[in-house]
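User: Please take a close look at a single part of this protein, one loop residue with an unusual backbone angle. Then set that residue beside others in the chain.

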Amino acid sequence: DMATDLKRDTCSYTVTVIDNETEINRLSCNQVLYDEIFAERLENDQWLMKLPRKVKYNNATPSISITAQKLAFYIASDSTKVYINGQAYVSTSRYNLSAPVDILVRSDYGTERPYKLYSLYYPEFNTFTLGGVKGTLIRSEFDYSAFELEVTLPTGIDVTNLTPEFTMHSDTEKVYIGDTEQLSGSSVVDFTKAVTYRLVSTVPD
């Protein structure tokens, strides 16, 4: 109300909002049959995706392909662009995750941030034989990181001193009981009680 000359007393400002968002909050394979599986964030802008080889679904166990998976990125800004191995990310495309994936995030402002995505299957026995009897792998519908092996042995077998024979799906998968590595055909195990195997998988170079 005190202004006497609008040309002299009125100020105008130009406000420029800079969208410089390059942070990936979450990353997932968003269509693993009926499920969405989220990657684990590691150090130095690296992510690890762990997928099941098969899933229990409607009394079947369909295989899950690591070479054709859709990816979903959860980023705060809709203006941020994502590039996969140098190509613009497409939400409907399926990507080969069998080798490390280079991800580049570019903000609307132009700032770039590189990420690396590693993927592997949860380790599991390919075959398991105990006392000449093949084991049956039983999967969980809700926990991809664990399964049970059932082996029905003939009456009279000494279960305190058995040597399992097994194969894995990959040379990068190792088998342990506690901290002791188990070797097929040579590691002797007492099966008086249920035995918990620890299977470890590493990402190939």
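Analyst: L33 lies in the loop between β1 and β2, and β2 covers residues 35-38. Strands (E, at least two residues) and helices (H or I, at least four residues) are DSSP runs, numbered from the N terminus. The model is predicted, and local features are reported where pLDDT is at least 70. Residues are counted from 1 along each chain as its sequence is written.

The backbone of L33 deserves attention: its phi is positive, at about 60 degrees, although the residue is not a glycine. As for its surroundings, L33 is partly exposed, with a relative accessible area of 40%. This label follows from fixed limits, because buried means under 20% relative accessible area, exposed means over 50%, and partly exposed lies in between (1.4 Å probe, protein chains only).

N59 offers a second case of this backbone angle. The phi of N59 is also positive, at about 65 degrees, and N59 is not a glycine either. The position of N59 is again in a loop, here the one between β4 (46-51) and β5 (72-75). N59 has a relative accessibility of 82%, so it counts as exposed.

V15 may be added for its surface exposure. V15 belongs to the loop between α1 (6-9) and β1, where β1 comprises residues 24-32. With a relative accessible area of 70%, V15 is exposed.

The strand β4, which borders the loop of N59, leads on to the sheet. Six strands form an open sheet in the order β3-β4-β9-β8-β6-β7, and their pairing is mixed. Its edges are β3 (40-41) and β7 (87-88), each of which pairs on one side only. Strands count as paired if DSSP finds at least two bridges between them. In the order of the sheet, β4 therefore stands between the edge strand β3 and β9.

One pairing within the sheet can be followed down to single residues. Strand β6 (residues 81-84) and strand β8 (residues 101-106) are joined by four bridges and run antiparallel. One of the residues involved is V82, whose bridge partner in β8 is V105.

To return to the part requested, L33 combines a positive phi of about 60 degrees with a place in the loop between β1 and β2 and a partly exposed position. N59, by contrast, joins a positive phi of about 65 degrees to an exposed position.

Technical notes
This is a predicted model: local features need pLDDT of at least 70, side-chain atom pairs count only at pLDDT 80 or more; totals for chains, interfaces and linings use all residues. Side-chain values use heavy atoms; hydrogens and water are left out.
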